[in-house]
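Biologist: Please pick a single part of this model and walk me through it slowly, side chain by side chain. After that, show me how it sits among the rest.

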Amino acid sequence: MRPIGTATRGTTNPNRLRRMDRWIAATHGPALRRADAPVAVDLGYGAAPWTAVELLERLRGAEPRTAVVGIEISPERVAAAKPYEREGLTFRHGGFEIPLPERPVLIRAANVLRQYDEGEVAAVWERLCARLAPGGLLVEGTCDEIGRRHVWVALGPEGPRTVTFATRLGSLDRPSDLAERLPKALIHRNVPGEPVHAFLRDFDRAWAAAAPYASLGARQRWITAVRALSGDWPLADGVQRWRQGEVTVNWAALRPERHPGR
């Protein structure tokens, strides 16, 4: 079967996806532990296998039995990654069809759909979610080249659940700086009248109001701003994750009027 999808640019760097990986390990660790044989997929890992190697290390911190399969649509990238295979880590040629005999408990697709058209997102989400094991999770999103700023959508077999904004707080001027890393489903919706635009506007206002806390550090300012934001937006996490420079919002609150998901 010919792989489904098109090759991306393949840009990758060590530690680029650390924020996403740590969130996955913390929030999805119980599902990994419940699985009989937990398999995670790093879909579109790029020109070098660093992100798949790191995903294995981080997920095994949550569940030592986890195996990771890196899937790439470029045969050359698969061949280049093969020397890095070891117990629990393999690489395979494929695309959105996820060519595995088993259903993975996790599919991570980072910086993949950003290079597709917005109108293609819903079909890709649906195809990938259909390949998940019961209780599985699809994490699809975008980050900058060195992993300072991330935004990702978490989806289950039923569709989108949450949107997470994550950043290295020391590099942040204002929360709306994260808009440049919105995933394809949202990046073109950051305009007046759309929920994601209203969310980032309110986040900037809360951040400005929390400026006096900057003397205590960027983390305290972020926590204060997020706590204020929680009065008007349905956040799906708490201070333990906020301390990591994260905030997670229910998808229904940010879903575009004509949205790529159920």
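Modeller: I'll start at one helix residue and then work outwards to other pairs and to the whole chain.

First, the ground rules. This is a predicted model, so local features need pLDDT of at least 70 and side-chain atom pairs count only at pLDDT 80 or more, while totals for chains, interfaces and linings use all residues. Numbering runs from 1 along each chain as its sequence is written, and side-chain values use heavy atoms, with hydrogens and water left out.

Our residue is T51, which sits in helix α2 (residues 50–62). Helices here are DSSP runs of H or I with at least four residues, strands are runs of E with at least two, and both are numbered from the N terminus. T51 counts as buried because its relative accessibility is just 3%; buried means under 20% relative accessible area, exposed over 50%, and partly exposed in between, using a 1.4 Å probe and protein chains only.

Who does T51 touch? If you skip the neighbours within four places in sequence, T51 is in contact with T12, L17, D42, Y45 and R108, where contact means heavy atoms within 4.5 Å. With one of these, D42, the T51 side chain makes a polar contact of 2.7 Å, side chain to side chain. That term covers a pair of N or O atoms within 3.5 Å; within protein, one must be able to donate a hydrogen and the other to accept it, and residues adjacent in sequence count only if both atoms are side-chain atoms.

D42 leads us on to the charges. D21, D42, E54, R58 and R108 are linked in a network of salt bridges, a salt bridge being a side-chain nitrogen of Lys or Arg within 4 Å of a carboxyl oxygen of Asp or Glu. So two of the residues that T51 contacts, D42 and R108, turn up in that network too. Back in helix α2, R58 and E54 sit four residues apart, about one turn of the helix. Their side chains meet in a salt bridge at 3.7 Å, N to O, and R58 and E54 are both buried.

Using that cut-off, the count comes to 20 salt bridges. Another one joins E72 and R77, with the closest N and O atoms 3.4 Å apart. E72 is buried, with a relative accessible area of 2%, and R77 makes the buried class too, at 14%. R149 and E180 also pair up, at 3.6 Å from N to O. R149 belongs to strand β6 (residues 149–156) and E180 to the loop between β7 (159–167) and α5 (184–187), so this bridge ties together parts that are 31 residues apart in sequence. R149 is buried at 11%, whereas E180 is partly exposed at 40%.

Now for the rings. Rings of Phe, Tyr and Trp (its six-membered ring) pair if their centres lie within 6.5 Å; planes under 30 degrees apart count as stacked, over 60 as edge-to-face and the rest as tilted. That rule gives 10 aromatic pairs. In one of them, F96 and Y116 are tilted, 5.6 Å centre to centre with 55 degrees between the planes. F96 is in the loop between β3 (89–93) and β4 (106–110) and Y116 in the loop between β4 and α4 (121–130), so this pair ties together parts 20 residues apart in sequence. F96 is buried at 5%, and so is Y116 at 9%. For W125 and W251, the ring centres are 5.6 Å apart and the planes at 75 degrees, so that pair is edge-to-face. W125 lies in helix α4 and W251 in helix α9 (residues 251–254), so the link spans 126 residues of sequence. Both W125 and W251 are buried.

The loop that holds F96 also holds I98. I98 has a positive phi, near 50 degrees, although it isn't a glycine, and I98 is buried at 1%.

Stepping back, the protein has nine helices and eight strands. Buried residues make up 58% of the 262. Among contacts between residues at least 6 apart in sequence, 68% join residues at least 24 apart.
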